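Colleague: I am new to this structure and would love a guided look at a single part of it. Could you take me through one helix and its surroundings?

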Amino acid sequence: MATKLPSPPRVGMVSLGCPKNLVDSERILTQLRADGYQMSPDYAGADVVLVNTCGFLDSAKEESLEAIGEAIAENGRVIVTGCMGKEAELIRTRFPNVLAITGAHEYEQVVEAVHEAAPASISPYVDLIPDAGLKLTPRHYSYLKISEGCNHRCAFCIIPSLRGDLVSRRPDAILREAEKLVAAGTKELLVISQDTSAYGVDLRHKSWPWKGDEVRSHMTDLARELGRIAPWVRLHYVYPYPHVDQVIPLMAEGLVLPYLDIPFQHASRAVLKAMKRPANEAKVLERIRSWREICPDIAIRSTFVVGFPGETEDDFQYLLDWLDEAQLDRVGAFRFEPVEGAAANALPDHVPDEVKEERYARVMEKTAAISAAKLQAKIGRTLEVIIDAVGEDGATGRSYADAPDIDGEVHLRDAGHLSVGDIVPATIEDADEHDLFGAPIDARNELRA
């Protein structure tokens with residue numbers, strides 16, 4: 001008589017916030033899948049729903065609370081994890097029926113809570129999990145978290161209170177994970193942490209054995225080794241420490257994508273000082289120029305806060321002038337928003353909301369014009385494009401200058417024969433403020449010609 005396998009419990013997941021939260025969700029789901037659970041794409045089919053919350057801004061907290069409320073209304077059996085786990089009392093007051101609440105990157109605790117809420121029956125007849133783990137991103141790109149926490153104490157940020165001080169992973173463990181991801185189909189590794197440049201500081205940049213040699217727990221060494229594993233390696237959340245200069249030659253060599261995501265946040269010395277951030281904006285401009293001399297194609301993206309307490313019109317105008325000088329490729333801007341627990345809340349001279357809105361509009365207008373000009377300059381060039389989606393006639397992808405979900409796209413005509421994950425050369429024919437348009441260079445057609 002055939003053995004009848006038990007039906008495994010099903011887990012639903014709502015993952016909010018930044019890519020670091022997404023990686024946390026992938027780790028949780030990977031462990032649960034290894035423990036015999038199935039994943040549910042909707043509330044109705046789930047035995048329990050996990051909500052991985054974001055608590056960085058008050059607006060993010062409200063979005064998290066709304067997600068918890070929706071999950072309770074649709075399913076009723078909800079476990080909360082993530083950054084808002086620090087505010088368990090608030091969550092319990094609003095949603096007393098929540099089954100359990102755990103904090104950020106508390107993987108074991110949230111898995112234990114799921115075990116208690118919906119016990120699984122492990123079957124030796126079932127292959128539970130792929131070697132690379134479960135992913136919430138498409139097969140061809142993956143986020144690779146290299147550390148947790150942050151040693152900075154920026155006045156507007158509560159990340160250290162949510163995630164603690166910097167804790168770096170061993171480089172050999174990171175590289176093994178990268179190899180598994182690439183073996184499973186990943187073409188692009190997106191390196192993330194709270195402060196990628198600080199990687200290994202807590203480990204005192206100790207070396208570990210790797211492939212018959214040693215690899216140091218340092219950003220430069222790690223980037224070099226990752227570049228030998230994956231076709232594309234993209235660096236996010238890089239603070240402009242002096243040793244970042246050592247990464248630029250790796251970009252010029254093609255080991256790492258010529259792309260830097262650096263959260264400058266402002267340019268005015270007075271505002272940077274109030275933010276408790278380094279105030280060396282003139283030197284940064286010099287370094288950007290030197291980076292472009294070494295690697296002319298380097299794309300730099302950044303984020304800026306407008307309307308920080310005490311920001312004057314002169315401070316803001318200084319930022320606009322600095323942006324004219326820096327000519328950054330991609331820029332995101334945020335209106336300052338008080339966050340419970342942030343030191344900036346106690347600062348004097350808060351900027352009125354209408355002034356924040358006006359400054360936000362001006363900085364976005366400025367940076368959109370710079371981005372449009374940079375994209376126009378790419379018309380006529382040949383760029384490699386990684387394909388994210390394919391239709392009947394065309395395809396959508398990204399160039400080296402475009403990270404998924406936050407930057408622009410490259411739209412290709414006559415590309416229906418391509419596959420998701422392909423990296424192909426394409427001729428750029430047109431551009432707008434955000435995206436590029438072109439066609440793949442089809443080697444088959446060239447041979448026929």
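Against which elements do the buried residues of α6 pack?

Modeller: Happy to help! This is a predicted model, in which local features need pLDDT of at least 70, side-chain atom pairs count only at pLDDT 80 or more, and totals for chains, interfaces and linings use all residues. Residues are numbered from 1 along each chain as its sequence is written, and side-chain values use heavy atoms, with hydrogens and water left out.

To your question: the buried residues of α6 pack against the strands β6 (141–145), β9 (188–192), β10 (207–210) and β11 (213–216), and against the helix α7 (219–227). Helices (H or I, at least four residues) and strands (E, at least two) are DSSP runs, numbered from the N terminus. Contact means heavy atoms within 4.5 Å. Buried means under 20% relative accessible area, exposed over 50%, and partly exposed in between (1.4 Å probe, protein chains only).

Let us start with the helix. The expected span of a helix is 1.5 Å times one less than its number of residues. For the 13 residues of α6 (residues 171–183) that gives 18 Å, and the end C-alpha atoms are 18 Å apart, which agrees. The buried residues in α6 are Pro171, Asp172, Ile174, Leu175, Ala178 and Leu181. Just after α6 comes Gly185, with a positive phi of about 120 degrees.

Now to β6, one of the packing partners. Five of the five residues of β6 are buried, so the strand is largely enclosed by the rest of the structure. In a regular strand, side chains alternate between the two faces of the sheet. In β6, Tyr141, Tyr143 and Lys145 point one way, while Ser142 and Leu144 point the other way. Next to consider is β9, which runs parallel to β6 and is joined to β6 by five bridges; two strands pair if DSSP finds at least two bridges between them. Tyr143 has Leu190 in β9 as its bridge partner.

On to α7, the helix in that list of partners. Glu225 is found in α7, and at 17% relative accessibility this residue counts as buried. Leaving aside residues up to four places away in sequence, Glu225 touches Leu175, Trp210 and Val215. Of these, Leu175 is one of the buried residues of α6.

Trp210 has another neighbour to look at: the charged end of Lys211 sits over the ring of Trp210, 5.1 Å from its centre. A charge sits over a ring if NZ of Lys or CZ of Arg is within 6 Å of the ring centre and within 35 degrees of the ring normal.
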